[in-house]
Each structure stands twice: as C-alpha cells, then as structure tokens.
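Welcome to a short tour of a protein model. Take a moment with the sequence and the 3D view, and then we will walk through the sheet, the helices and two loop residues.

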Amino acid sequence: MTFQVDCSHARAPATLAQCRPFIENQACKVFPAYRRITGINLEKECSAITYAIYDKDQWPHQQGGEGGVAERCSAELLSEFSVLIKSHIGPYDVHELLHLYQSQLGALPYSHILFGASQLEARREIGDHYGYEAGFARLKKEVFAPDLEQQFTRMAPDQRCRMAEVREEARLYISNPKVVYVFYRELQVGWLKDQADREARFNRMFEKVSQGRARKFLLEHGCAPW
Ligand SMILES: [Zn+2]
C-alpha cells in the first residue's frame with residue numbers, strides 16, 4: 001500500500017512545503033485511524049491511494065461547487081481544504097478518505113451518511129484534540145437545535161428519512177463515541193439501488209446499535225417501517 005500526492009497544480013512555495021506533511025499524515029495517521037473505526041481493509045481494493053492537490057484557479061471541476069472529489073482509490077482536493085488546513089498535528093484530510101472507505105459499504109442512503117460521527121472520531125484518533133472539541137461542540141448544537149422539528153417540516157418528504165438517520169447517528173455518537181465503531185460492524189453491505197432499501201439497511205443497524213431506542217425517532221421523521 002502506497003500513498004502518493006501530486007502537487008503539480010499548486011504554486012505557492014508555502015503550499016508546496018505542506019504536501020509532504022499532508023501525505024504523511026494521510027498514510028500514517030488518517031488511513032490507520034479509519035481502518036480501526038470502520039474495520040475495512042482498503043488495501044484489498046487499492047494498492048495505492050493518490051491525492052491530487054489544486055490551487056483554486058487550477059481546479060478542473062465546477063468552481064464554487066464541492067472542494068473535493070473522491071474516486072476509486074484517488075481523491076482531488078483544493079489546497080485550502082487539504083495541505084493548507086491548520087492543526088497542531090499538521091494538515092490532513094478526513095473527508096475524501098472516508099468516501100473511499102465508505103465505497104466498500106454498498107449503496108448508501110445519503111452520500112455523507114455517518115460522516116459527522118466518523119470524521120470526528122478520526123480527528124480524535126489522530127490526536128487533533130482542538131479540531132475534535134470544536135467539531136463535537138458544533139455537532140451537539142446541530143442535534144439539539146431548538147428548531148430541529150421545524151427543520152424536518154420544511155424538508156421535502158423524500159429527504160426526511162436520510163436526514164433523520166444523520167441526526168440519529170449524531171445523537172448516538174454524542175451519548176457514546178464508541179458507537180461509531182459498532183455502526184460499521186453492524187451495517188449489512190447491500191447493493192440494491194432502491195432508496196427505501198438503502199434507508200432500511202441503515203435503520204436496522206441504528207435500531208440494533210441503540211437497542212431499539214432509535215426506532216421511534218426514525219419512524220416519526222419520515223422513515224418507512226423496515
Ligand atoms: Zn463529500
């Protein structure tokens with residue numbers, strides 16, 4: 001398993017100086033952290049993982065869209081969202097690498113399902129304590145937002161269940177961060193494209209992990225019985 005970084009689309013010397021610390025953090029910290037969290041051996045799928053770093057004016061994708069793209073065993077990222085990220089352990093990426101790991105889970109109900117809990121736990125695992133604390137506080141604020149119910153009412157009905165799953169994941173994580181490891185071990189891999197089936201697979205997992213407590217919230221926020 002090797003890690004490669006292509007910084008030929010970034011220009012400033014200060015940016016280029018961060019390429020090596022970035023890819024070392026990916027290889028030595030973030031990659032093993034996600035292996036522990038997910039239990040997935042991505043080496044089976046990827047003999048190498050490649051990052052390409054771009055300055056804004058070199059970005060080959062739509063401007064103003066997402067600042068990162070993950071494909072099979074590779075990721076492209078804007079320099080501001082990768083090598084230029086400030087943390088006391090140096091720059092790293094916990095987002096695109098998680099997309100690569102989650103490609104092994106099968107069909108997902110939502111492209112960023114389990115991202116809140118998983119990214120936070122990765123920050124904790126790699127020792128970015130400040131990033132973890134700030135992120136944890138943000139997640140708590142989202143989950144306990146006083147207008148949470150109104151947020152659901154305003155959502156299109158076909159969006160509600162996947163958002164209820166994201167909320168449930170965060171609620172469970174806040175009550176016990178260790179559950180994120182269990183999410184990945186209890187989830188059944190499945191490739192059916194049907195959205196209801198994707199949601200049901202995740203709902204069965206949340207129900208099991210929460211020992212039945214997730215059921216009520218999910219059913220009351222747009223999920224069909226599973
Ligand atoms: Zn993403």
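How many bridges join strand β2 to β4, and do these strands run parallel or antiparallel? Strand β2, residues 48-54, is joined to β4 by 5 bridges, and the two run parallel. Please keep in mind as you look that this is a predicted model.

**The sheet**

Let us step back to the whole sheet. It is open and built from 4 strands in the order β1-β2-β4-β3, with mixed pairing. At its edges are β1 (2-9) and β3, each of which pairs on one side only. On average, neighbouring strands in this sheet are turned by 15 degrees against each other, with direction ignored. As general background, strands of a sheet pair through backbone hydrogen bonds, and the pairing is either parallel or antiparallel.

Here are the pairings one by one.

| Strand pair | Sense | Bridges | Residues that stand opposite |
|---|---|---|---|
| β1 and β2 | parallel | 6 bridges | Phe3 and Ile49 |
| β2 and β4 | parallel | 5 bridges | Ala52 and Glu76 |
| β3 and β4 | antiparallel | 4 bridges | Ala70 and Ala75 |

Strand β4 deserves a second look. Spanning residues 74-78, β4 is mostly covered, with 4 of its 5 residues buried. Its antiparallel partner β3 covers residues 68-71, and the hairpin of β3 and β4 has 2 residues between the strands.

**Two loop residues with positive phi**

One residue of that hairpin is worth finding in the 3D view. Cys73 is in the loop between β3 and β4, and its phi is near 65 degrees, a positive value in a residue other than glycine. Is Cys73 buried or partly exposed? Cys73 counts as partly exposed because it has 14 C-beta neighbours inside 10 Å.

Gln211 can be viewed alongside it. Though not a glycine, Gln211 has a positive phi of about 55 degrees. You will find Gln211 in the loop between α9 (195-209) and α10 (214-220). With 8 C-beta neighbours inside 10 Å, Gln211 counts as exposed.

**How the helices pack**

Now turn to the helices. Two packed helices are described by the angle between their axes and the distance between the axes.

Helix α2 is a good starting point, as it also links back to the sheet: α2 lies across β1 and β2, running at about 155 degrees to β1. Helix α2 (residues 19-38) also packs with helix α4 (residues 115-125), where the axes come within 9 Å and cross at roughly 125 degrees. The two are therefore oblique to each other, and their crossing is right-handed. At this contact, Val30, Ala33, Tyr34, Arg36 and Ile37 of α2 meet Ser118, Glu121, Ala122 and Glu125 of α4. By class, these residues divide into 5 nonpolar, 1 polar and 3 charged.

What is the angle between helix α5 and helix α7? Helix α5 (residues 129-143) packs against helix α7 (residues 157-175) at about 125 degrees, and their axes are 10 Å apart. That angle makes α5 oblique to α7. The crossing of α5 and α7 is left-handed. From α5, Leu139, Lys140, Glu142 and Val143 take part, meeting Arg167, Ala170, Arg171 and Ile174 in α7. This contact has 4 nonpolar and 4 charged residues, and no polar ones.

Definitions and conventions: Residues are numbered from 1 along each chain as its sequence is written. This is a predicted model: local features need pLDDT of at least 70, side-chain atom pairs count only at pLDDT 80 or more; totals for chains, interfaces and linings use all residues. A residue is buried if 20 or more other C-beta atoms lie within 10 Å of its own, exposed if 12 or fewer, and partly exposed in between; C-beta atoms are placed from the backbone. Two strands pair if DSSP finds at least two bridges between them. Axes are lines fitted to C-alpha atoms, for helices over the stretch in contact, and angles run from 0 to 180 degrees between N-to-C directions. Angles under 35 degrees count as roughly parallel, over 145 as roughly antiparallel, 65 to 115 as roughly perpendicular and the rest as oblique. A crossing is left-handed if the near helix is turned anticlockwise from the far one by less than a right angle, and right-handed if clockwise. Two residues are in contact if their C-beta atoms, placed from the backbone, lie within 7 Å. Ala, Val, Leu, Ile, Met, Phe, Trp, Tyr, Cys and Pro count as nonpolar, Asp, Glu, Lys and Arg as charged, and the others, Gly among them, as polar.
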